[in-house]
Amino acid sequence: MTHPTASHSQISLSATKMSRRVALAVVVLAFAGGWCPCLADVGDFAPCLHVFYKSWPPKGLVGTPICQRYDNQYHFATLYSRPRRSPWFSAYLYSVPAGKRPSASWKFEPQLAYPGADGNMIPFPPGPLDQNVVESQAVELDYINSTYSRGHLNPSLHHHTHKDRSATFTLTNVVPQKAGSNDGPWEVLEQTVNKTLSAYCLGEAYIVTGIIPYLNDERWLKNHRVAVPEYMWSAYCCPNYNNSLPEKLKDFFPTYAAIGRNDCNSTEEIVPVNKTAKKQFRGFDVRPMPLETLEMYLKDRFNTVVSVFYEQCSGSEANTHRLKQ
């Protein structure tokens, strides 16, 4: 009796599938091994408190703390929502940018999938993903062929070193953001903050950027895995700054805050719409406001008191300028 012989193409296909499985297993074992004496970067902000003003994380929001570690260094902090598979906020220290924007090598957080894993964020491997990773957080497939871009909360623009900038390319630092916001008014806000802080902030500048969910009827990406925010917000705290500010910037220190629209069809109570804006950016306006006003809107939406900075960044070393409404 003769036995059928596998063709060269079948053998090649089987070998390819086997090599992918082996590669995936190697990646999983690299971060899931119980033998790894790893730091706990998920569940506690203690290792990265230096990115918060007075080592005081924002209060009032509930989620999973992540100290974002890349190449064995802590770069920023994120409060992550596991049910939404997206962050509530990211907090970081601003530094004057240098060099070109890094290529988008997207990463994931292994400790969300395996608590005992190594804490360094890991680039997504080619081929199928470990199911624990898929269940625990957003993955690249969630954003592919969706109508949303990957919107950084902590943008690479606000960092000096290549490692700091590369570390921002993790999907735990990203929310679904409409291109009309990401490439329009929100980008203008990031550029404005960059220019203002680089020119007039003396010493550390602490930035927290987060999201505001829909009040009712949450929106999701196409596969109902990643929640879409209705608004994005950002605030900075610069305790020490140049007192010789131009008149137009005197209300920008020590704090500055803003809320941006992520839905062109949202109502205008929080952020009005400029009807004369270019069509592709219309409805994605950003409204600057005092820190107190931002916290008022956060309280209204989250139904709890939300404090972004310790004593609203008004410690002994800070002046008391406030942005007028």
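**Exercise 1. Find Lys54, then say what is unusual about its backbone and how exposed Lys54 is.**

Start with the position: Lys54 sits in the loop between helix 1 (8-32) and strand 1 (64-70). Keep in mind that this is a predicted model. Next, look at the backbone: Lys54 is not a glycine, yet its phi is positive, at about 60°. Finally, check the surface: the relative accessible area of Lys54 is 42%. Buried ends at 20% and exposed begins over 50%, so Lys54 is partly exposed.

**Exercise 2. Describe Asn72 and work out which side chain reaches its backbone nitrogen.**

Asn72 is placed in the loop between strand 1 and strand 2. Its phi is near 65°, again a positive value in a residue other than glycine. With 56% relative accessibility, Asn72 counts as exposed.

Now follow the backbone nitrogen of Asn72: a polar atom of the Asn120 side chain lies 2.7 Å from it. Asn120 belongs to the loop between helix 2 (110-113) and strand 5. At 10% relative accessibility, Asn120 counts as buried. To complete the step, list its neighbours: leaving aside residues up to four places away in sequence, Asn120 touches Asp41, Arg69, Tyr70, Asp71, Asn72 and Pro110.

**Exercise 3. Is Thr147 buried or exposed, and which side chain makes a polar contact with the side chain of Thr147?**

First locate the residue: Thr147 lies in the loop between helix 4 (140-143) and strand 6 (149-152). Its relative accessible area is 57%, so Thr147 is exposed. For the partner, turn to Lys178: the side chains of Thr147 and Lys178 are joined by a polar contact of 3.2 Å. As a further check on this region, measure from Thr147 to Gln177 between C-alpha atoms; the separation is 8.8 Å, with the two positions 30 residues apart along the chain.

**Exercise 4. Identify the nonpolar cores and the elements that build the largest one.**

Begin with the largest core, which has 59 residues. Within this core, the residues with the most contacts are Phe89, Leu197, Ile259, Leu294 and Phe309. Then assign elements: at least two core residues come from each of strand 2 (73-81), strand 3 (86-93), helix 7 (185-200), strand 8 (206-212), strand 11 (231-237), strand 12 (255-261) and helix 8 (291-302). Strand 11 gives the most, with six residues. A second core of 19 residues is separate, and includes Trp106, Phe124, Val134 and Val174.

**Exercise 5. Count the aromatic pairs and classify the pairs Trp88–Phe302 and Phe108–Phe124.**

The count comes to eleven aromatic pairs. For Trp88 and Phe302, the ring centres are 5.5 Å apart and the planes stand at 75°, so this pair is edge-to-face. Trp88 is in strand 3 and Phe302 in helix 8, so the pair links distant parts of the chain, 214 residues apart. Trp88 counts as buried at 13% relative accessibility, and Phe302 counts as buried at 19%.

For Phe108 and Phe124, the centres are 5.2 Å apart and the planes at 40°, so the pair is tilted. Phe108 lies in strand 4 (residues 107-108), while Phe124 lies in the loop between strand 5 (122-123) and helix 3 (131-136), so the pair ties together parts 16 residues apart in sequence. Both Phe108 and Phe124 are buried.

**Exercise 6. Locate the cis peptide bond, the aromatic cluster and the charges that sit over rings.**

The cis bond joins Phe253 and Pro254, with omega about 0°. Pro254 is in the loop between strand 11 and strand 12. Phe253 also appears in a cluster that ring pairs form with Tyr236, Tyr241, Phe252 and Tyr256. For the charges, look at two lysines: the charged end of Lys59 sits over the ring of Trp56, 3.9 Å from its centre, and that of Lys107 over the ring of Tyr70, 5.2 Å from its centre.

**Exercise 7. Summarise the whole chain: how many helices and strands are there, and what share of the residues is buried?**

The chain has eight helices and 13 strands. Of its 325 residues, 51% are buried. About 15500 Å² is exposed, and carbon and sulfur atoms supply 55% of that area.

Terms used. Residues are numbered from 1 along each chain as its sequence is written. This is a predicted model: local features need pLDDT of at least 70, side-chain atom pairs count only at pLDDT 80 or more; totals for chains, interfaces and linings use all residues. Side-chain values use heavy atoms; hydrogens and water are left out. A nonpolar core is a set of buried Ala, Val, Leu, Ile, Met, Phe, Trp, Tyr and Cys residues joined through side-chain atoms within 4.5 Å. Buried means under 20% relative accessible area, exposed over 50%, partly exposed in between (1.4 Å probe, protein chains only). Helices (H or I, at least four residues) and strands (E, at least two) are DSSP runs, numbered from the N terminus. A polar contact is a pair of N or O atoms within 3.5 Å; within protein, one must be able to donate a hydrogen and the other to accept it, and residues adjacent in sequence count only if both atoms are side-chain atoms. Rings of Phe, Tyr and Trp (its six-membered ring) pair if their centres lie within 6.5 Å; planes under 30 degrees apart count as stacked, over 60 as edge-to-face and the rest as tilted. A charge sits over a ring if NZ of Lys or CZ of Arg is within 6 Å of the ring centre and within 35 degrees of the ring normal. Accessible areas come from the Shrake-Rupley method with a 1.4 Å probe; for residues, only the protein chains shown count as cover. Contact means heavy atoms within 4.5 Å.
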